[in-house]
Amino acid sequence: MTRLENQVVTVGVTGASGAILAQKTLELLERDARVARIHLVVTETGQRLFAEELGLASGDLKQLPSRILGRLATKIEVLPNRDVGASIASGSYEVDSMIVVPCSMGTLGAIANGIADDLVARAADVILKEGRNLVLCVRDTPFNRIHLENMLRAQQAGAVIMPAVPAFYHHPKTIDDLVTQYVCRVLAQIGLPQEQMYRWTGSHSEAKKAEA
Ligand SMILES: Cc1cc2nc3c(=O)[nH]c(=O)nc-3n(C[C@H](O)[C@H](O)[C@H](O)COP(=O)(O)O)c2cc1C
């Protein structure tokens, strides 16, 4: 499965529901041998959502990756969201891909309109201008017209819009099944397909018959 090596990935986490999606994304990237480094930027509300949804106490930001993974994180470097002068804020710094997971409507709006006043939005802005991979795991429901127009703007600028919508065709039994399949689909978008990703082979395929 190894096609890429030494990948550098930025993960932005914002204040939309779905902190568990960020947690799974970081887990899979951390253990992926193709990934060398992960830059993690969490907005203020993103930190609040880690506390609200996963019970992760806010504390020393540097310890956040290990708190998220529940073990020592070796590849993840946290960058303060207010530091718009961090490495990933410049196109001269090599980042292969960026995932914003979950992506709030606020951050979507900033990215879609080039408002780069925090590190998540600036890093995404840089990814787009450099023609690199940007996946926005947008989450809200229902969407208003502004959200929809911002998604279209971001997509036209090169982002992949990947709404945090689970699939059911793989017969998930647990929340982890739903989350893992969704995150695997996200990672496939940045060229890091995961072995555990369920792949539909058609209702009447030989593989399906063998499963039955
Ligand atoms: C518990 C909680 C859940 C939220 N869920 C969402 C959501 O699913 N989608 C969204 O766009 N905003 C949601 N918000 C609102 C955003 O957090 C808010 O608009 C914030 O300003 C976004 O800032 P950020 O993009 O810098 O994180 C939620 C807020 C809270 C406190």
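**Exercise 1. By class, how many nonpolar, polar and charged residues does the lining of the largest pocket have?**

Before starting, note that this is a predicted model, in which local features need pLDDT of at least 70, side-chain atom pairs count only at pLDDT 80 or more, and totals for chains, interfaces and linings use all residues. Residues are numbered from 1 along each chain as its sequence is written, and side-chain values use heavy atoms, with hydrogens and water left out.

*Step 1.* Fix the term: on a 1 Å grid over the protein atoms alone, a pocket is an open set of points with protein on both sides within 12 Å along at least five of seven lines, while a cavity is a set where a 1.4 Å probe fits but cannot get out; lining residues have an atom within 4 Å of a point.

*Step 2.* Find the lining: S17, G18, I20, L21, R139, A164, V165, P166, I175, L178, V179 and Y182.

*Step 3.* Sort these residues, with Ala, Val, Leu, Ile, Met, Phe, Trp, Tyr, Cys and Pro as nonpolar, Asp, Glu, Lys and Arg as charged, and the others, Gly among them, as polar. The lining has nine nonpolar, two polar and one charged residues.

*Step 4.* Add the volume, which is the space filled by probe spheres set on grid points joined across faces, edges and corners: about 170 Å³ for this pocket.

*Step 5.* Locate the helices (DSSP runs of H or I, at least four residues; strands are runs of E, at least two; both numbered from the N terminus). Helices α1 (19-30) and α7 (175-189) each supply at least two lining residues, and α7 gives the most, with four.

**Exercise 2. Describe the cavities of 30 Å³ or more.**

*Step 1.* The structure holds two of them.

*Step 2.* The largest cavity has about 40 Å³ of space. Its lining consists of T10, I88, S90, Y93, V95, M98, A123, V126, I127 and R132, which divide into seven nonpolar, two polar and one charged. Helix α5 (residues 119-129) gives the most to this lining, with three residues.

*Step 3.* The second largest cavity has about 30 Å³ of space. Q47, F50, L56, A57, S58 and L64 line this cavity; four are nonpolar, two polar and none charged.

**Exercise 3. How do α4 and α5 pack?**

*Step 1.* Take the axes (lines fitted to C-alpha atoms, for helices over the stretch in contact, with angles from 0 to 180 degrees between N-to-C directions). Helix α4 (residues 105-112) and α5 pack at about 45°, with axes 9 Å apart.

*Step 2.* Angles under 35 degrees count as roughly parallel, over 145 as roughly antiparallel, 65 to 115 as roughly perpendicular and the rest as oblique. The two helices are therefore oblique to each other.

*Step 3.* The crossing is right-handed, the near helix being turned clockwise from the far one by less than a right angle.

*Step 4.* List the contacts (heavy atoms within 4.5 Å): T107, A110 and I111 in α4 meet V120, A121, A124 and L128 in α5. These residues divide into six nonpolar, one polar and no charged.

**Exercise 4. Find backbone features that depart from the usual pattern.**

*Step 1.* Recall that most residues other than glycine have a negative phi, and most peptide bonds are trans.

*Step 2.* V101 and P102 are joined by a cis peptide bond with omega about -15°, and P102 lies in strand β4 (residues 97-103).

*Step 3.* The bond from T141 to P142 is cis too, with omega near -10°; P142 sits in the loop between β5 (133-138) and α6 (145-156).

*Step 4.* N6, a residue other than glycine, has a positive phi near 50° and lies in the segment before β1 (7-13).
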